Amino acid sequence: MPTTDVAVVGGGIVGTCAAIELQRRGRAVTIVERNEPGAGTAAGSAGYLAYDDIFPIPSPAIVAGLPRMLFDRNGPLVVQTTYLPHLAGWGLRFIAAARPSVIRRSIAALAPMNRLASKAHEDLAARAGAQRYLVRESVFHVFRTEASLETASKLIPTLEREGFDVTVMDRDTLQALEPAIRNGVAGAISFPNSHRCTSPGRYGAALAEYFRGQGGSVIRGNAQALEAFGGGWIVRADGEELLAPRVVVATGAWSRALLAPLGYTVPLESARGYNLMLAEPGVAPSRTLLFEEDHFCATPMEEGLRLAGTVEFAGLEAPPNFYRSDMLYDIARGYLPDLQRDPATRWMGHRPSLPDSLPVIGELPQHPGIIAAFGHERRGLMQSAVTAQCVADLVERKPPPIDLAPFRIDRF
Ligand SMILES: Cc1cc2nc3c(=O)[nH]c(=O)nc-3n(C[C@H](O)[C@H](O)[C@H](O)COP(=O)(O)OP(=O)(O)OC[C@H]3O[C@@H](n4cnc5c(N)ncnc54)[C@H](O)[C@@H]3O)c2cc1C
């Protein structure tokens, strides 16, 4: 049976970054991935490395707005009616996570991680020769109404206390810097120290190529089971077997199925998101614009302008509802009236989401040697390189750079 030092199951952005970091530390690594490594959900993401995103989604305001939001077909969050019964447990935990004490704990867990994420990505990209895909620049969070801008501004002291720079700008300043925004905005909050990924797909592909170039192995297959064997683990994937003393489970939104036979019932859901890639958009914003009230981003990329966002709960199997991609164009035109649609491509992907907005990172309590790294929700591209460092430390049994207690698999 083939063996390796570390089997990384799932070659999305989290698994690929972890594999590279483990390689750097001298381990022989095999990625087990059913598709192409580096081409997971992040490839269709908004490409915004939002280090400032230290706030979990559950909050009293979101919970209060849920009943109205859920059934608005054009709203930023929808639940497919037939999927509602499957979401009950997750939903109750989401509501429980909206308590102020839990929110404070989540911020205290996310902020140190995000503070390390920027350098972790710069180092990783430099090592892999993929720096051209990361541009350090400001991101503007754009607000339609004064009231929303004012509400969001109340979070600035928390951000500053946690070490994140923030600037508020009025409508005139915003429009002078981004003349494509012509309609109905009140102003913006700028986060100057962000990264924009100029092509998340090509970035992931470059990282995967680097991994292979450094001697990394890939097994193309669907991992069905992890079985204990001689102090290590056998990964079974489409008739192939691989034996490893350490296994990293980085299968994103699909991780629940792989871990259930081991006895872990993780409240993991897919928060499905959509993008619309406009090859000839007719407008040229110079940075990522995040339209706060409508919960989507417009990011300039090598391939054009990508509109990306919205959340849909419909599980892993339901076919995409590309109306969610199309509606992004209509909403975006409300801000960018000269925006051109065609030619355009539509995409749907699965954000791996836990009810408290925190990922799972850590060794499985009952299964030493298996390390979980999934559930990064809307921050997976941003947090992948720092997660990789945590995973590698766990493999080496060294203290990780952040406290991983809030990310335990058995916290629910
Ligand atoms: C619309 C949208 C916009 C987003 N924008 C941003 C953004 O701007 N910034 C940001 O930081 N994040 C963003 N995200 C979130 C980010 O894309 C995810 O958090 C991240 O991609 C998750 O990475 P992952 O490696 O954990 O999972 P995935 O990328 O989903 O990778 C999991 C991999 O595991 C493989 N796999 C699953 N099961 C098995 C199995 N049994 N055997 C073998 N292989 C398996 C899959 O094929 C896949 O390649 C966005 C997401 C969406 C949907």
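These are my notes from looking around a predicted model with a bound ligand.

**Entry 1: Glu33**

I started with Glu33, which sits in strand S2, residues 29-33. I wanted to know which side chain of opposite charge is nearest to Glu33. It turned out to be Arg34, at 5.1 Å. A salt bridge needs the nitrogen and the carboxyl oxygen within 4 Å, and Glu33 has none, although it is buried.

What does the side chain of Glu33 reach at 2.8 Å? I found the backbone nitrogen of Asn35 there. I also looked up what Glu33 touches beyond four places away in sequence: Gly10, Gly11, Gly12, Ile219, Arg220 and Gly221.

**Entry 2: the ligand**

Next I turned to the ligand, and Glu33 came up again. A polar atom of its side chain lies 2.7 Å from a ligand oxygen. I noted two backbone contacts as well: a polar backbone atom of Ala46 is 2.9 Å from a ligand nitrogen, and one of Arg378 is also 2.9 Å from a ligand nitrogen. On its own the ligand exposes 1,000 Å², and the protein buries 96% of that.

How many residues surround the ligand? I got 35, the closest being Glu33, Thr41, Ala223, Glu377 and Met382. I then checked which elements supply at least two residues of this shell, and they include helix H1 (13-24), S2 and helix H11 (380-395). The largest share comes from S17, with 4 residues.

**Entry 3: salt bridges**

I moved on to charge pairs and counted 32 salt bridges. I looked at three of them.

Glu36 pairs with Arg220, their closest N and O atoms 2.8 Å apart. Glu36 is in the loop between S2 and strand S3 (48-49), while Arg220 is in strand S8 (residues 217-220), so I was looking at a link across 184 residues. Glu36 counts as partly exposed at 36% relative accessibility, and so does Arg220 at 46%.Arg287 and Glu178 form another salt bridge, with closest N and O atoms 2.6 Å apart. Are these two residues buried or exposed? Both are buried.

The third pair is Asp338 with Arg182, whose closest N and O atoms are 2.6 Å apart. Asp338 lies in the loop between helix H10 (323-333) and S17, and Arg182 in the loop between H7 and S7, 156 residues away. I found Asp338 partly exposed at 39% relative accessibility, and Arg182 partly exposed at 46%.

Last, I looked for salt bridges that share partners. I noted one network joining Glu21, Arg24, Arg25, Arg127, Asp393, Glu396 and Lys398.

Note on methods
Residues are numbered from 1 along each chain as its sequence is written. This is a predicted model: local features need pLDDT of at least 70, side-chain atom pairs count only at pLDDT 80 or more; totals for chains, interfaces and linings use all residues. Side-chain values use heavy atoms; hydrogens and water are left out. Buried means under 20% relative accessible area, exposed over 50%, partly exposed in between (1.4 Å probe, protein chains only). Lys and Arg count as positive and Asp and Glu as negative; His and the chain ends are not counted. A polar contact is a pair of N or O atoms within 3.5 Å; within protein, one must be able to donate a hydrogen and the other to accept it, and residues adjacent in sequence count only if both atoms are side-chain atoms. Contact means heavy atoms within 4.5 Å. A residue is near a molecule or strand if one of its heavy atoms lies within 4 Å of it. Accessible areas come from the Shrake-Rupley method with a 1.4 Å probe; for residues, only the protein chains shown count as cover.
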